[in-house]
Amino acid sequence: MLDILIIGAGPIGIACGLAAQKAGLSFVIAEKGCLVNSLYNYPSTMTFFSTSEKLEIGGVPFVTNSYKPVRAEALEYYRRVATSNHLPINLFEEVAGIKKEGGVFIVTTAKATYQAKNVIISTGFYDIPVKLNIPGEDLPKVKHYYQDPNYYALQKVVVVGSSNSAIDVALETYRKGAEVTLVIRGADVGERVKYWIRPDIMNRIKEGSIKAYFKSNLKAIRQYEVDIETPEGLVTIPNDFVMAMTGYQPNFEFLKKVGVTLSDDRFVPEYNHETMETNVPGLYLAGVVVGGMDTHLWFIENSRIHAGMIIGDIVRKVD
């Protein structure tokens, strides 16, 4: 019988483990992928918006070579935090189901069945992309994830979106020799684009190095071309790859399956903002999963406090 079963070995899941360990509680962290799976799937060239001290967990210093850490430094930091503290983390072990019997959670994974008094869901939002829902989206050339710009050298690339990820993809692939076209639903580049990146993309668009269609939508994708709906009408252009940087969302079906109530509009889960406990007693949420579709509200830097809030509540109940 575990005190806690933690689902997700991302930064916040690890932070929950550290807090549980400090409180003397028994726990296991189950992760369906690799350690900090979401960060691993970030672009290889990524630089964090946050500074290193805002990404620290468990009071462990995050020392970096520059003011803002890069992906490789974050992967190394969280790995060292997890291994040096000997956290019981079971990787590549996806949770298949959770049910509550007599006040105890029965958690079934791909490898085992656990009994736990409490469950913390810290699964993030990066695993399920927001789909375009247009013809041709299932073609192999359509990508919702992006790793390295060199793959797209000398190719005709359409990038859909106006957020940080879309703008990074557009600039990086352009600088590796791709012919880049941006398709943006709004009238301008997203307002939350990193302040040091925004002037770069605006200048590339202004000089014509990157073509941008504003107030436009991708309507159809075919093997060697795409259709773009613009204010001036339908435009068809040659195309090799489509980078659909349209965002990601939490696994809402999983949350509903375990009994968590979601709002009708933005799918925001019901939880106590002081303890992070959901409408299911003993079931807690930690990290960006609490934001529903509003995934831009929560980050590592402002959700790492969830670990202390949750473990504090669990300890109070025991006392």
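Helices, taken here as DSSP runs of at least four residues, and strands, as runs of at least two, are numbered from the N terminus. In this predicted model, Glu277 is found in the loop that lies between helix H6 (252–257) and strand S17 (283–285). Buried means under 20% relative accessible area, and Glu277, at 15%, therefore counts as buried. A polar atom of the Glu277 side chain lies 2.6 Å from the backbone nitrogen of Gly282. Leaving aside residues up to four places away in sequence, Glu277 touches Glu270, Tyr271, Asn272, Gly282, Leu283, Tyr284, Asp313 and Lys317.

Helix H5 (residues 198–207) offers a second place to look. Asp200, Ile201, Arg204 and Ile205 are buried in H5. These residues are on the same side of H5, because they cover an arc of only 125° around the axis. The general geometry helps here: an α-helix has 3.6 residues a turn, so residues three or four places apart point the same way. The packing partners of the buried H5 residues are helix H4 (164–175), strand S10 (179–183) and strand S11 (211–213). Just after H5 comes Gly208, with a positive phi of about 90°.

Further along the chain is a sheet. Three strands, in the order S12-S13-S14, form this open sheet with antiparallel pairing. Strand S12 (217–221) and strand S14 (233–238) stand at its edges; each has a single partner strand, so one side of each is left without a neighbour in the sheet. From one strand to the next, the twist averages 30°. S12 and strand S13 (residues 225–230) run antiparallel and are joined by four bridges, and Ile221 stands opposite Val226 in S13.

Note on methods
Residues numbered from 1 in each chain as written. Predicted model: local features only at pLDDT ≥ 70, side-chain atom pairs only at ≥ 80, totals over all residues. Heavy atoms only, no water. Buried < 20%, exposed > 50% of the residue type's maximum accessible area, 1.4 Å probe, protein only. Arc of directions from axis to C-beta. Contact = heavy atoms within 4.5 Å. Polar contact = N/O pair within 3.5 Å; in protein donor to acceptor, adjacent residues only side chain to side chain. Pairing = 2+ DSSP bridges. Axes fitted to C-alpha atoms, helices over the stretch in contact; angles between N-to-C directions.
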